[in-house]
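Here's a quick briefing for anyone meeting this structure for the first time. Have a look at it, then read on for the charged pairs, the cysteines and the strands.

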Amino acid sequence: MSESDLSLSLSPPSLSLSTHLSHRLFPALKVSQPYRVVSHRGEVELFCSYHHTGRHEPEELRITLYRGMYGEQEEQKVCTSSFTNKNTAFQTEGEGERTVTCRGQFGPGKVNLTISGLRGNDTDLYRCAIEVLYPPPYLRTFGNGTLLYITEEPGCFTPEAQRRDDITGETSVRLPLAGMTAATILIVISAIAILLVHQVLQRKRRFEAIIPMTSQNDGRFDYGNFQ
């Protein structure tokens with residue numbers, strides 16, 4: 001075997017060994033997400049996959065879900081939780097005034113997030129941030145983001161829609177009540193008018209039935225004879 005053939009045969013293994021040593025000495029973390037997920041009854045299932053290159057597999061991680069393309073601010077944080085490879089399931093409430101709930105299941109190379117309590121106006125881009133807390137070194141990486149499309153399910157009302165329905169319901173109740181009140185007043189007035197007309201007619205008939213009386217002096221009493 002010539003020297004050139006020997007160098008060619010040794011070059012691929014040496015390159016592979018160099019890459020392997022580089023990954024062991026300089027760990028890296030990569031996070032990937034699906035492009036788009038559609039909700040069902042205000043709930044979505046989001047898979048945040050990660051690839052860790054290092055000497056040891058991560059034993060303790062933290063996942064944070066942010067809303068928005070450049071969401072790293074506290075007000076854009078949806079939910080966050082830490083977990084270990086022994087305690088793989090977790091559940092946490094939404095940050096701030098949000099009412100969403102995040103449930104998670106940690107598996108080899110991925111975190112399965114289930115987000116519930118979402119509304120139609122929550123449709124947006126959501127990014128997973130995964131942090132390796134242990135073993136060192138500390139690593140933190142964002143995914144490219146997933147468009148969570150939240151559909152409005154029948155019977156699922158937002159507070160604004162609920163208020164509109166309450167106002168409409170109150171109006172629909174008030175209108176029949178107002179109509180019934182007006183009809184009752186009209187019936188009472190009509191009854192009073194009929195009663196008054198009936199009384200007037202009765203009095204008129206009573207006076208018409210009276211025969212006028214005339215003088216019946218037969219001359220038996222002549223006051224002119226008295227002196």
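Arg62 and Glu131 bring their side chains together in a salt bridge, with N and O 3.1 Å apart (a salt bridge is a side-chain nitrogen of Lys or Arg within 4 Å of a carboxyl oxygen of Asp or Glu). That contact links distant parts of the chain, since Arg62 sits in strand S4 (residues 60-67) and Glu131 in strand S9, 69 residues apart. This is a predicted model, where local features need pLDDT of at least 70 and side-chain atom pairs count only at pLDDT 80 or more, while totals for chains, interfaces and linings use all residues. Residues are numbered from 1 along each chain as its sequence is written, and side-chain values use heavy atoms, with hydrogens and water left out.

**Salt bridges**

- Side chains of opposite charge can pair when their charged atoms come close.
- Searching the whole structure turns up four salt bridges.
- Back to that opening pair: Glu131 is buried, at 7% relative accessible area, while Arg62 is partly exposed at 29% (buried means under 20% relative accessible area, exposed over 50%, and partly exposed in between, with a 1.4 Å probe and protein chains only).
- Asp124 and Arg67 also meet through their side chains, at 3.0 Å from N to O.
- Here too the pair links distant parts of the chain, with Asp124 in strand S9 and Arg67 in strand S4, 57 residues apart.
- Asp124 counts as partly exposed, with 27% relative accessibility.
- Arg67 and Asp124 belong to a network of salt bridges that takes in Asp122 as well.
- Glu43 pairs with Arg103, their closest N and O atoms being 3.6 Å apart.
- Glu43 is in strand S3 and Arg103 in strand S7, so this salt bridge ties together parts that are 60 residues apart in sequence.
- Both partners are partly exposed: Glu43 has 33% relative accessibility and Arg103 has a relative accessible area of 32%.

**Disulfides**

- There are two disulfides in the structure (each a pair of cysteine sulfur atoms within 2.5 Å).
- Cys48 and Cys128 make one of them, with 1.8 Å between their sulfur atoms.
- Cys48 is in strand S3 (residues 43-53) and Cys128 in strand S9 (residues 124-134), so the bond ties together parts 80 residues apart in sequence.
- Cys48 is buried, at 0% relative accessible area, and Cys128 is buried with 0% too.
- Cys79 and Cys102 are joined by a disulfide with an S to S distance of 2.0 Å.
- This pair links distant parts of the chain: Cys79 in strand S5 (residues 77-84) and Cys102 in strand S7 (residues 101-107), 23 residues apart.
- The torsion about the S-S bond of Cys79 and Cys102 is about -85°, so that disulfide is left-handed.
- Cys79 and Cys102 are both buried.
- How are the bonded cysteines paired, numbered in sequence order? The pattern is 1-4, 2-3.

**Strand S7 and its neighbours**

- Strands, like helices, are DSSP runs numbered from the N terminus (E, at least two residues, for strands; H or I, at least four, for helices).
- S7 is mostly covered, with five of its seven residues buried.
- Strand S6 (residues 89-93) runs antiparallel to S7, and five bridges join them (two strands pair if DSSP finds at least two bridges between them).
- Gln91 has Arg103 in S7 as its bridge partner.
- S7 is also joined to strand S8 (residues 110-116), by seven bridges and again antiparallel.
- In S8, Thr114 stands opposite Arg103.
- S7 and S8 form a hairpin with two residues between them, and Gly109 in the turn has a positive phi of about 80°.
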